[in-house]
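Me: Please take a close look at one part of this model, and then work outward from it. I want to know what is covered, what is open to solvent, and which side chains pair.

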Amino acid sequence: MNLYIFIPMLVAGMAFAFRREIAEWLRVRRNRPRVAAEMARYRAELAAENPDVSPVRPEEIEEFKAWFDSLALPAVELLPAPERPVAAAGTRIGGPVWLQDGEVWPTDESGAPLEFVAQVDFAELPPLPDFPESGLLQFFVGTDDLFGAEFDDLTRGRIRVIWRPDALEGGRLCPAPGRTDETTPWERAEVRHSGLPLAGRAAVHRPDPTDWRIDERLKGQLRRPGIDELQDYVYEHNQTPEVHHVGGHPVYTQYDFRAPGRYDEFDRTLLRLTSDRNIMWGDVGEAAFMIRRRDLLMRDFSTVIFHWDCT
């Protein structure tokens, strides 16, 4: 390249880069008072919400660990078992749905077909306290952008859970309805249409680190020296794998939607569906169907809430 052309271009490029660095420096300098004010406000709010600054005592640490461990619940993790056949019964995600003779495909209030996502056959799973020993649960979600979740009032979600306590006799297997522009969580159409059987594995799960009870337990204490040891224990001992499961605790990508007086009675996980290569909740999210323990014991599946979140 001709030096008479190259050198002016080089100088112009260096000048442009220098101007951009100066502009960024000025922007940061102008914003410094605002950032300092925001940090001061944050520190003031943190201090007001967490007035206790006494060191955490060793006996408190041991008490907290015992309390957290007591929240562990048995679960059944559901692992892909493609070698199993897809039938009317059986635990699986996707595939055709068994309906009684004369029974129509579940719909929402507008008459639109709901999306079948999974079924759980308790007769083939390891025993799980409080849960049925036999019977089949079928899970359906909506086909809107929120998959039927109604976040303002989760009890009004456009979802459906069908309980079939008796052996499946007669009836018919119905394929998933054809879709045009509706939203579904499926990543693989073949799993939606043909189904993927799942096998159960017994496990024990501790709560998610964002569980509302942990927040309540540590409320007002976040400035105490040594509080990080309690928080570290929660994170180190929450080893829930990224698999679908029944029982145990829900898992979140953001935070627990429950709080004191707000859905806190929904304390049993009827089904957690994680995101994987087959099904996806938004941007690698987590979904859960939750039920009250008292309803579960009564085998009353009429009030199940559905929640999902994503990153």
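Reply: **From one tryptophan outward**

Tryptophan 25 has 48% relative accessibility, so it counts as partly exposed. The class runs from 20% to 50%, which is why 48% still falls inside it. The model is predicted, so keep that in mind throughout. Tryptophan 25 sits in helix H1. There it joins Ile22 and Leu26 in a nonpolar surface patch. Together the three residues show about 270 Å² of accessible area.

Next, follow the chain out of H1. Helix H1 covers residues 3–49, helix H2 covers 58–70, and aspartate 52 lies in the loop between them. Aspartate 52 is partly exposed because its relative accessibility is 28%. Beyond its sequence neighbours up to four places away, it touches Gly220, Arg223 and Arg224. Arginine 206 is another matter. Its C-alpha atom is 27 Å from that of aspartate 52, with the two positions 154 residues apart along the chain.

Now helix H2 itself. It has 13 residues, and at 1.5 Å a residue these should span 18 Å. The end C-alpha atoms of H2 are 19 Å apart, which agrees. The buried residues in H2 are Glu60, Ile61, Phe64, Lys65 and Phe68. They take up an arc of only 135° around the axis, so they sit on the same side of H2. Glu63 and Ser70 are exposed on the other side of H2.

What covers the buried side of H2? The cover includes helix H4 (212–218) and helix H5 (227–236). Turn to H5 and the view is reciprocal in part: the cover of its buried residues includes H2 and H4. In H5, Ile227, Leu230, Tyr233 and Val234 are buried. Down the axis of H5 these residues fall within an arc of 125°, so they line one face of the helix. Tyr235 and Glu236 are exposed, on the face of H5 turned away from its buried side.

Charge pairing comes next. Side chains of opposite charge can pair when their charged atoms come close. The structure holds 22 salt bridges. One of them joins arginine 164 to glutamate 103, with the closest N and O atoms 2.9 Å apart. This pair links distant parts of the chain, 61 residues apart. Arginine 164 is in strand E6 (residues 160–164). Glutamate 103 is in the loop between strand E3 (97–99) and strand E4 (115–121). How covered are the two partners? Arginine 164 counts as buried because its relative accessibility is 6%. Glutamate 103 has a relative accessible area of 19%, so it is buried too. The cut-off for buried is under 20%, which means that 19% just qualifies.

A second bridge pairs aspartate 130 with arginine 268, the closest N and O atoms lying 3.7 Å apart. This pair also links distant parts of the chain, here 138 residues apart. Aspartate 130 is in the loop between E4 and strand E5 (136–141), and arginine 268 is in strand E10 (residues 268–274). Arginine 268 is buried because its relative accessibility is 16%. Aspartate 130 is partly exposed, at 21%.

A third bridge involves arginine 188 and glutamate 190, whose side chains meet at 3.0 Å, N to O. Both ends are open to some degree. Arginine 188 has 24% relative accessibility, so it counts as partly exposed. Glutamate 190 is partly exposed as well, with a relative accessible area of 44%. Elsewhere, salt bridges that share partners join Arg57, Glu59, Glu60 and Arg224 into one network. Two of those names have come up before. Glu60 is among the buried residues of H2, and Arg224 is one of the contacts of aspartate 52.

Last, the backbone. Most residues other than glycine have a negative phi. Aspartate 130 is not a glycine, yet its phi is positive, about 80°. Valine 284 is not a glycine either, and its phi is positive too, about 55°. It lies in the loop between E10 and strand E11 (286–291). Valine 284 counts as partly exposed because its relative accessibility is 47%.

Notes: Residues are numbered from 1 along each chain as its sequence is written. This is a predicted model: local features need pLDDT of at least 70, side-chain atom pairs count only at pLDDT 80 or more; totals for chains, interfaces and linings use all residues. Side-chain values use heavy atoms; hydrogens and water are left out. Helices (H or I, at least four residues) and strands (E, at least two) are DSSP runs, numbered from the N terminus. Buried means under 20% relative accessible area, exposed over 50%, partly exposed in between (1.4 Å probe, protein chains only). Contact means heavy atoms within 4.5 Å. The expected span of a helix is 1.5 Å times one less than its number of residues. The arc is that of the directions from the helix axis to the C-beta atoms. Patches are made of residues with over 30% relative accessible area and no salt bridge: like charges are joined within 9 Å, nonpolar side chains (Val, Leu, Ile, Met, Phe, Trp, Tyr) within 5 Å. Accessible areas come from the Shrake-Rupley method with a 1.4 Å probe; for residues, only the protein chains shown count as cover. A salt bridge is a side-chain nitrogen of Lys or Arg within 4 Å of a carboxyl oxygen of Asp or Glu.
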